[in-house]
Amino acid sequence: MIFPFESLTHASRELGLVAAVLIGIGFGFVLERAGFGRAPKLAAQFYLRDMTVFKVMFSAIVTAMLGLVIASSLGLANLREISESIASWTYVWPMLFGGLLLGVGFIVSGYCPGTSIVASASGNIDGIFAFGGVVVGTFVYSELLQIPAFHHFHMSGEKGAWFLYDLVHVRPQLIAAVIALAALLAFVGAEKVERWISGASANAAPPHRKIAFATIGTVAIAAVVAIALPASAPASTPRNATITASELSQRVVEAPWSIRIVDTRAKAAERVRGSEVLDANAIAELPDDGRTLVIVGDARHMPRHARVLAGGIGAWTRDPLARALATGAPPPPPSAPAAGGAFTKPKKKGGGCSA
Amino acid sequence: MESEKFWNPYLAGIALGVVLLTSFLVMGKGLGASGAANRLGVAVAEVVAPDHVKSNANLATTKGGQASVLDDWLVFEIFGVFIGGAVGAYTAGRFGARVLRGSRVSVPARLALAFSGGLVMGLAARAARGCTSGQALSGGAVMSVGAWIFMLSVFGGGYAAAWFVRRQWS
C-alpha cells in the first residue's frame, strides 16, 4: 500500500495544506469550465433542458471510483481503509431528509454549496448570496442540535462505515463495474431526453455525440479492466469497524448518552474516562441497547454494533480534545507537535503495507 | 461579452474525476464545501459572540483540537476552489459582477431566493454530513451507502420542488 501519503496529513501538515489549495484550484477551475458557476445552467437540469449536472457528476464519480478500485487492485491503496477515511458514516434518516432538503435548496437558489463558491469567484452576486445562506444555515443547525429531540434525529439510523459492497456482499470491483455500466446507459438516456426536450434542434451537433460515445467507450474498457484485475486480499476482507480518537472525543462532548465505552484490558495505566472494564470474552454477549459500543483494547469477540477505538488508548491520550477533557485545560496549539520532530504517527506501524 | 462556451460535459466530468482521485490518493480525503462554510460561520461567531460559541458544545467542538477553527484541510481546499473558479471565469471571459436570473424574476427577488435556498442547503448539508461535493461526489465515488441515499434524494428533492419555482428559471 502506497497511498495516501500519510506524511501529508501528519508529519508535514503544512505541505498537505498546500496540496489542499492546489487540489481546490483544480476543482474550482473544472467546475467553472463545466458551466457550474452559472445558476440558469445548473437549474436547467431540473427542467430536463440541459443534463450537464448529471453528466459531469456521474462521469466524475465513475472516473474516481474506477481509478480507486484499480489502484487497490494493483496493491497501491487499501480500498476499505481509504474509503473509510473519505466517507462519513451512514446515518440513514438525516441523509435521506438532508438530501431531499438540499435538492429543494438547490433549485431555489440555483446552486449547490460548492458551485455557489465558484459563482461567487466569477463575480455572480447571486452566488455570494447563496453561499452566505449556506454559512448561516450550517450555523443555525448547530443551534438546533441543542434540542435533544433534534439531536436524536441527527443520530438516527446510524450504520457506521457502510459501503454498497457490504450491503450486497459482493466484491467492490463488481459494484464499481455495475455503477459504471448503469452510468453509461443513463448517459445515452440523457442525450435522448435532451434531444426530445429541445425538439426542433434534434439533428444538431453530431460531433458532440461522437465525443460522448468515445468517452463512453473508454469508460467501458476501464470498467472491464477493473473487473478483470484480481482483487488484492486487503481490498475485499471486511475489517472491524473503527472509531477514531477525535470522533470519540467529539461524541463524548456532544452526546455522551449515545455511547458506551468498554475497556477489555485487565490492567492499564490509563483508561478513557467513564469506561467500564470487562473481560474480552464478555463483550460478545453485550446487548444492542441503541448506544454505540466502543471497545478499547482486545476486540476479538466484538458484536456487530461495536467499534474499536483506532490506535487504542495511545491515540486517545494523544487526541487534543480528549486531553482537554481529562485535564480541563484548553487544547494546545497544533503547530507545536507538527514542527517538532517528536511527533509520532497515530496509526499502527507499517505492517499492513507489506500485506 | 460573456462567453457561453463550456467544456464537453463528459470530458469535464473525467477531469473532475481525476482531481477527485488525486485528492483520494494523495490526501486520503474527498472534496468538500459545506464543511468549510460551517467553519467560516463559527469563525465569524467567535469574533461577534465568543461566549455563545463556548456555551454551545456543537459550535465549540467544531474546532476539534485546533487553535483556529479555520485551520482545516477543507478551508484551504475551498480557498483553492475560489482561486480556481476566478481563474477559470477570467480566462474564459466570464468574469464580472452581475446577477444571474431568469427574465421573469427581479433582482431583489432573485437574491432573496438565492439566500434562502442557500440557508436551506446549509441545514441540509449538516444533517447529511456533507453536501453534493463532500457527500454525493466523494462519498458516492467510494460507494458509501449513505452517500448514494443522499445523492438520489437530492435529485428527488430538486425535481419535486422544480415545478414550484419554475417562474424563476423560465
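## Ground rules

Two strands count as paired if DSSP finds at least two bridges between them. Helices (H or I, at least four residues) and strands (E, at least two) are DSSP runs, numbered from the N terminus.

What you're looking at is a predicted model, where local features need pLDDT of at least 70, side-chain atom pairs count only at pLDDT 80 or more, and totals for chains, interfaces and linings use all residues. Residues are numbered from 1 along each chain as its sequence is written, with chains lettered from A and ligands numbered from 1 in the order in which they are written.

## Confidence

For the complex, the predictor reports an ipTM of 0.95 and a pTM of 0.75. Chain B comes out at an average pLDDT (the predictor's confidence in each residue, from 0 to 100) of 91, and 96% of its residues score at least 70. Within chain B, mean pLDDT is lowest for helix α4(B) (residues 57-60), at 83, and highest for helix α6(B) (residues 107-127), at 96.

## The sheet in chain A

Chain A carries 18 helices and seven strands. Five strands make up an open, parallel sheet, ordered β3-β7-β6-β4-β5. The edges belong to β3(A) (242-243) and β5(A) (276-277); each has a single partner strand, so one side of each has no neighbour in the sheet.

Now for the pairings. At one edge, β3(A) runs parallel to β7(A) (residues 306-309), joined by two bridges, and Ile243(A) has Leu309(A) as its bridge partner there. β7(A) is also joined to β6(A) (residues 292-296), again in parallel, through three bridges; here Val308(A) sits opposite Ile295(A). At the other edge, β4(A) (residues 259-263) and β5(A) pair in parallel over two bridges, with Val262(A) opposite Glu276(A).

## Packing and cores

Of chain A's 355 residues, 46% are buried (20 or more other C-beta atoms within 10 Å of a residue's own; exposed means 12 or fewer, partly exposed in between; C-beta atoms are placed from the backbone). Take the contacts in chain A (C-beta atoms, placed from the backbone, within 7 Å) with a separation of 6 or more: 63% of them link residues 24 or more positions apart.

A nonpolar core is a set of buried Ala, Val, Leu, Ile, Met, Phe, Trp, Tyr and Cys residues joined through C-beta atoms within 7 Å. The largest one has 125 residues, and Met65(A), Leu68(A) and Leu20(B) touch the most other members. Helix α4(A) (residues 52-73) supplies the largest share, 14 residues. Beyond its neighbours within four places in sequence, Met65(A) contacts Ala176(A), Ile179(A), Ala141(B) and Met143(B). Apart from this core lies another of 21 residues, among them Ala245(A), Val262(A), Ile295(A) and Leu321(A).

How values were computed. Two residues are in contact if their C-beta atoms, placed from the backbone, lie within 7 Å.
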